[in-house]
Amino acid sequence: MKNLEQIQKTLDYIEENLKTDITLEELSAIAGFSPFHYCRLFRRAVGLGTAQYLARRRLLWAAYDIAHGMKIIDAALSYGFDTASGFCRAFSRTFGCAPSVYAARFRAREPYRIHLLQEEHIMLSEKKLRSVLAHWNMQDERITNTVYSSGHLNENCFSVGDAHFLKVYTNPAKVQLNLDIAAALDAAGIGAALPLAACDGTSSYCDGELYFTLTRRVPGQTLSARDLLAGTAAIAPRSIGVMIGRLHRVLEHAGDIPARDRDIFAEVREQWFDRAREALVLSESFAAAYLAALEGFSDLPVQLIHRDPNPGNILADGECITGFVDFDLSQRSIRLFDPCYAATGVLVESGSEYSDADMGRWISLWHEILDGYDAAVGLTEAEKRAAKYVLLAIQFICVGYFMQHEKFADLARTNLRMTQAILAHWDNL
């Protein structure tokens with residue numbers, strides 16, 4: 001624990017001084033170790049060497065600044081790169097695209113700070129990744145990070161060549177959950193991340209406490225929240241609802257797939273409501289009416305759901321949705337959660353200022369998603385009445401959860417503003 005505290009001091013120092021020259025000698029002095037001992041402890045705690053970590057953090061902040069209007073050359077020079085071309089090469093190796101493409105596609109949030117004592121982190125060097133890929137004879141393929149729809153790097157998933165993804169887990173149950181659901185969807189003709197067998201014939205590879213899968217890339221591109229909200233996407237919002245309905249019809253009959261049960265209404269009441277109510281300054285009358293309404297929704301249909309169908313986990317090719325990815329959070333819960341979450345995912349990732357005009361477009365989009373879902377599975381009357389309460393339950397969970405984690409401070413602020421906008425239009429939902 002003492003060693004982690006000393007390494008954390010240097011991580012904090014790095015974060016505050018990214019635009020200055022930082023040497024190994026000053027970092028090891030801050031930690032109180034010899035340079036050699038510091039490098040060993042740093043790599044063990046963080047997963048990367050100091051130089052790799054420094055470069056990664058500088059590129060993350062440069063990406064944030066570029067996405068918010070800074071010129072590429074200015075970002076390059078600010079974060080210690082000698083030339084714009086050198087910066088662009090390093091950026092493309094990390095993010096898998098040029099800085100200009102990144103800025104056009106993502107509304108990046110501030111990079112999360114690393115807190116070694118508070119949470120688990122998985123950072124893997126390229127050398128480590130290639131040693132893992134050797135188990136599939138793919139160690140010579142090009143490796144790039146993948147990027148969440150928020151613009152953050154996904155430290156647990158890497159693009160391998162043009163046709164595969166390498167994903168790392170710490171929980172073997174999540175490995176099996178993803179593999180089981182992918183097999184069920186593929187059998188039903190829905191695109192999913194099917195595993196490529198390793199050289200020993202297995203579907204995954206274990207390395208100490210880490211588990212790896214190499215999966216085939218699902219055809220299509222992730223949805224753009226910006227385009228969906230603006231009405232310029234090739235995909236109609238109704239199609240999202242229809243496809244989630246198709247997904248649910250498959251998962252409904254996949255009863256032998258182990259997944260935990262989750263009562264989101266009980267979770268809201270017992271864990272998140274008081275925190276969210278205080279942050280949102282809800283009136284006593286609204287709070288009481290909301291909690292009372294939840295009591296009337298105890299019989300909503302429950303089944304295995306995706307649980308995280310945000311735009312980044314839905315793939316499309318032109319006007320057709322081709323499939324879904326990332327079933328890490330899948331569970332048995334009310335099925336209405338998924339179409340509602342898809343709608344909130346569009347709003348939170350769109351970069352909206354939550355103006356009345358934006359909210360008007362989003363309410364129409366949400367109704368279209370629900371209409372498509374209803375056409376695919378047939379909503380019950382209770383589900384139709386419950387829809388906006390489920391929507392708000394999702395936001396109470398997000399506000400409460402993000403507020404208790406310092407690294408999610410930006411997401412907490414975004415979801416707080418978004419929930420306030422939803423409440424301001426409550427009667428129109």
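Let's start inside helix α12 (residues 264–280): aspartate 274 and arginine 277 sit 3 residues apart there, a separation of about one helical turn. The two form a salt bridge, with 3.1 Å between their closest N and O atoms. Here a salt bridge is a side-chain nitrogen of Lys or Arg within 4 Å of a carboxyl oxygen of Asp or Glu, and helices (H or I, at least four residues) and strands (E, at least two) are DSSP runs numbered from the N terminus.

This is a predicted model, in which local features need pLDDT of at least 70 and side-chain atom pairs count only at pLDDT 80 or more, while totals for chains, interfaces and linings use all residues. Residues are numbered from 1 along each chain as its sequence is written, and side-chain values use heavy atoms, with hydrogens and water left out.

**Salt bridges**

- Side chains of opposite charge can pair when their charged atoms come close.
- The salt-bridge rule gives a count of 16 in this model.
- Back in α12, aspartate 274 is partly exposed at 49% relative accessibility, and arginine 277 is partly exposed at 24%. For these labels, buried means under 20% relative accessible area, exposed means over 50%, and partly exposed lies in between (1.4 Å probe, protein chains only).
- Helix α17 (residues 409–424) holds aspartate 410 and arginine 413, again 3 residues apart and separated by about one helical turn. Their salt bridge has its closest N and O atoms 3.6 Å apart, and arginine 413 is partly exposed, with a relative accessible area of 45%.
- Lysine 128 and aspartate 207 meet through their side chains in a salt bridge of 2.5 Å, N to O. Lysine 128 belongs to helix α8 (residues 126–133) and aspartate 207 to strand β4 (residues 205–207), so this pair ties together parts that are 79 residues apart in sequence.
- Both ends of that link are partly exposed: lysine 128 has 25% relative accessibility, and aspartate 207 has a relative accessible area of 23%.
- Lys167, Asp326 and Asp328 are joined in a network of salt bridges.

**The antiparallel sheet**

- An open sheet is built from 5 strands in the order β1-β2-β3-β5-β4, with antiparallel pairing. Two strands pair if DSSP finds at least two bridges between them.
- At the edges stand β1 and β4, each of which pairs on one side only.
- From one strand to the next, the twist averages 35 degrees. For this angle, axes are lines fitted to C-alpha atoms (for helices over the stretch in contact), and angles run from 0 to 180 degrees between N-to-C directions.
- β1 and β2 run antiparallel and are joined by 5 bridges, with valine 147 finding its bridge partner in leucine 153 of β2.
- Strand β2 (residues 153–160) has 7 of its 8 residues buried, so it is largely enclosed by the rest of the structure.
- β2 also pairs with strand β3 (residues 164–169) in the antiparallel sense, over 4 bridges. Valine 160 stands opposite histidine 164 in β3.
- The hairpin of β2 and β3 has 3 residues between its strands, and glycine 161 takes a positive phi near 65 degrees.
- β4 pairs with strand β5 (residues 210–216) in the antiparallel sense over 3 bridges, and cysteine 206 stands opposite tyrosine 211 in β5.

**Pockets and cavities**

- Rolling a probe the size of a water molecule over the atoms shows where empty space is left.
- The search uses a 1 Å grid over the protein atoms alone: a cavity is a set of points where a 1.4 Å probe fits but cannot get out, a pocket is an open set with protein on both sides within 12 Å along at least five of seven lines, and lining residues have an atom within 4 Å of a point.
- Grid points are joined across faces, edges and corners, and a volume is the space filled by probe spheres set on the points.
- The second largest pocket has a volume of about 510 Å³. Its lining counts 22 residues, and Gln52, Ala55, Arg56, Leu59 and Thr94 lie nearest the centre.
- Two or more lining residues of this pocket come from each of α4 (50–67), α6 (84–95), α8 and β1 (143–147), and α4 gives the largest share, 7 residues.
- By class, the lining of the second largest pocket has 12 nonpolar, 6 polar and 4 charged residues. Ala, Val, Leu, Ile, Met, Phe, Trp, Tyr, Cys and Pro count as nonpolar, Asp, Glu, Lys and Arg as charged, and the others, Gly among them, as polar.
- The structure holds 2 cavities of 30 Å³ or more, and the second largest cavity encloses about 30 Å³.
- Gln8, Leu11, Asp12, Glu15, Tyr53, Arg113 and Ile114 line the second largest cavity, where helix α1 (residues 2–16) gives the largest share, 4 residues.
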